[in-house]
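This briefing was prepared for a reader at the bench who wishes to become oriented in the structure. Please view the sequence and the coordinates alongside the text.

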Amino acid sequence: MKKLISLFLCLCLAAGVATAEAESADAARAVGAKWIDSGLYGTFAGMGEIRPQDDFAACVNREWAENAQIPEGEGLTSARTELERANNDLKIQLLTGEKKDDPELTSMQNFFAMLIDWDTRNVTGYQELKTYADDIMSISSIGELTAFFSDPERNLYGYPMIDSIVMADAEDAMTHIMNFCNPAMFGSTDPSLYTEGNDGPMLAYVRQLSEYMMKRLGYSEAEAEEIFSRCFALEKNFAPAAAEYLQRRALEGDAAQLNPTTVEELEKKMKNLPLMDIYRSLGFELSGKINLWMPGTFDVYDSLYTEEHLEELKAWVLVWTLIKTSDFVDRETSETAVKVSAPLTGTEDMLPDERYAYKAIYELIPGMIDKLYAEYCFDQEVKPQVTELTKMMIDAYRVMLQEEDWLSEETKAAAIEKLDSIKLHICYPDAMPDFTDVKIPSKEEGGTLLKAYKSINRSKMNSEIHRLEVKNDGVLWNVQIKYSELGAAYMPSENSININAGICGGDYYDASWPLEKKLGGLCLVIGHEITHAFDSEGANYDKIGNYRDWWKAEDRQAFQERVDKLLAYYSKLVPVPQLTDKAYGEAGARFIQGEAIADLGSLKCLLSIAKQQKDFDYEMFFTQLATVQKAAKTDAAEMQYLRTDNHPVECYRCNIPVQNFDEFLETYGVKEGDGMYLAPEDRIRVW
Ligand SMILES: [Zn+2]
């Protein structure tokens, strides 16, 4: 349910945005702390009756929440995680099940078996890793470092320590181009945080885990600390340029990451770092246009790519290699990783073996597991059903756009044209990607975890190379769409909505349900994704996905006024009043605006469908809508959500949309003075 173009490859970077800028509420609290955060685990203890007229989400989900149990090793349970868990069980059954005549499935089954074979890992894990670590530390010149980066057999990071992605060119959406995002960063944009004792949970995690692993590799404590401090001495140089980018991003949105240049210009500009040559030796054909997300960070990287900084560069590569492979060494390392990441994840418990192994594989190569899920675990009848529901939603949306009286005929026509051009990516791709280049032999056949890791990295690189060669015509789904996961997304750069197979179950969908429940469940998600095409970011992209203004100026102005009203409303809200009196504030409201607009737009579309039904059961519909937002999270997990997730907290995703519509107020007899009441003049509908 994210608009994926705006995702940072390094998610921890994004984490800094909302917290740093969230504003204190003070006087706003009385107004702002409108409802309790009913998604907080244990929050209902000792509480009296809650009426639907006062807090609808709390009322509907209370009974579930009071009986909810957060699974071992996790920080929350919710409608999403329940279905996710059921889906994962199916995938685990497949990965541990009988062998079939399918080399892709066999490779994944072999990988899984090696992951849960702790006895072997405890013996050989560090032996294997040591050969890679020694190789890094034996590099004695910048030329040798470049040779190392150019050889995927040696470099477990895969790339020359930068995050890159091949995706649609924002100015020519049918063409894929290379995007260099940023050098590898552990996530802080504040240089002062790269010091011990001041480093916050993310950097502290990296410090503790990498130093632990270095000691296991045979380094003394002093050596490990020394290597680590060299890594951070290098990385903190990127922080100011990354911070500058984030500031631009907060102001300009996606436009901040559009910094096109040419391969030629970039080659001329980079004096020390032969980035293009390295990519060419990895197999990429780079020519013409290229885009930089955080241009300043590459200037810094180039200036540091010198003999003088060689030891720092090596330390940086080593620390990253250790963090990336920490899941593939031995049991004690995996347990240590979980412990030192507890301040980030909210749990110190290691997942049970099979869940751990599944998660490790899925994080590495989701596309391959997605494909196996679609082929072996998913009811093939569902895809045509969901396609029909999506078309019904698009039809209703068309009428809705036609009836928007604040838009000129011209902009309305362009909006409808965009709506009708949305590519429908439903459940799984019609043409499945090929993963036969992933070759993972079993332990008996000579397979090891790091060899498997490398084979997967190489396959991912091959698919990026392939993507660069083909048109962005919608046949290939975006790599960020993980369709066996519970999720859905609008992709502005290709004007597609993606409704994953993994969301078509649980509280979201069942083929046997009446229309009311389908509308309150999966259709709510579909309408949400359609609305992303017309939210503050999506509205900047045209019908084929070009970043181009298709609005009449006065319509854009009217749209912005509607958005501003929504921002003003959210900025005063205090999302977790049980834990903090901080309101979203202006920056926080901007961070979640796209998702808030999408929730509201979807509900409007759904209600227009409801209106046409005979004897529509509104109570059933609204109850389902609240049910999909049920959640019970630990305090740490909720605070992490607040910092990193660009959706409003779940109870707001229910209460705020519904309080904006008469159908809800009438169904439950909500009156002025009730918690759910919102006067007509205060309503915040953008669409
Ligand atoms: Zn969304």
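The points below proceed from the whole chain to selected elements and one residue.

The structure is a predicted model. The mean pLDDT of the chain is 92, and the chain contains 28 helices and 10 strands.

**Overall form**
- The radius of gyration of the chain is 25 Å, which agrees with the value near 26 Å that a compact globule of 687 residues would have.
- The C-alpha trace extends over about 75 × 55 × 50 Å along its principal axes.
- Of the 687 residues, 46% are buried.
- Among contacts with a separation of 6 or more, 77% are between residues 24 or more positions apart.

**Confidence**
- A pLDDT of 70 or more is reached by 95% of the residues.
- Over residues 1-30 the pLDDT stays under 50, and the model has 80 contacts beyond four places in sequence for this segment.

**Helix α19**
- Helix α19 comprises the 21 residues 382-402; at 1.5 Å a residue it should span 30 Å, and its end C-alpha atoms are indeed 30 Å apart.
- Which residues of α19 are buried? They are Val-386, Leu-389, Thr-390, Met-393, Ala-396, Tyr-397 and Met-400.
- These buried residues lie on the same side of α19, because they cover an arc of only 125° around the axis.
- An α-helix has 3.6 residues a turn, so residues three or four places apart point the same way.
- Pro-384 and Glu-388 are exposed on the other side of α19.
- The cover over the buried residues of α19 includes the helices α20 (409-420), α22 (515-532) and α24 (585-611), together with the strands β7 (423-427) and β9 (496-500).

**The β3–β4 hairpin**
- Strands β3 (residues 162-169) and β4 (residues 172-183) run antiparallel and are joined by eight bridges.
- The hairpin connection from β3 to β4 passes through two residues.
- Met-167 stands opposite Ile-177, which belongs to β4.

**Ser-78 and its surroundings**
- Ser-78 is part of strand β2 (residues 76-78).
- Is Ser-78 buried or exposed? Ser-78 has 23 other C-beta atoms within 10 Å and is therefore buried, the cut-off being 20 or more.
- Beyond residues up to four places away in sequence, Ser-78 touches Lys-630, Ala-631, Ala-632 and Glu-650.
- Ser-78 and Glu-650 are 572 residues apart along the chain, yet their C-alpha atoms are separated by 9.6 Å.

Conventions:
Residues numbered from 1 in each chain as written. Predicted model: local features only at pLDDT ≥ 70, side-chain atom pairs only at ≥ 80, totals over all residues. Helix = DSSP H or I, 4+ residues; strand = E, 2+ residues; numbered from the N terminus. Rg over C-alpha atoms; globule rule 2.2 N^0.38 Å. Buried ≥ 20, exposed ≤ 12 C-beta atoms within 10 Å, placed from the backbone. Contact = placed C-beta atoms within 7 Å. Pairing = 2+ DSSP bridges. Expected span 1.5 Å × (residues − 1). Arc of directions from axis to C-beta. pLDDT = per-residue confidence, 0-100.
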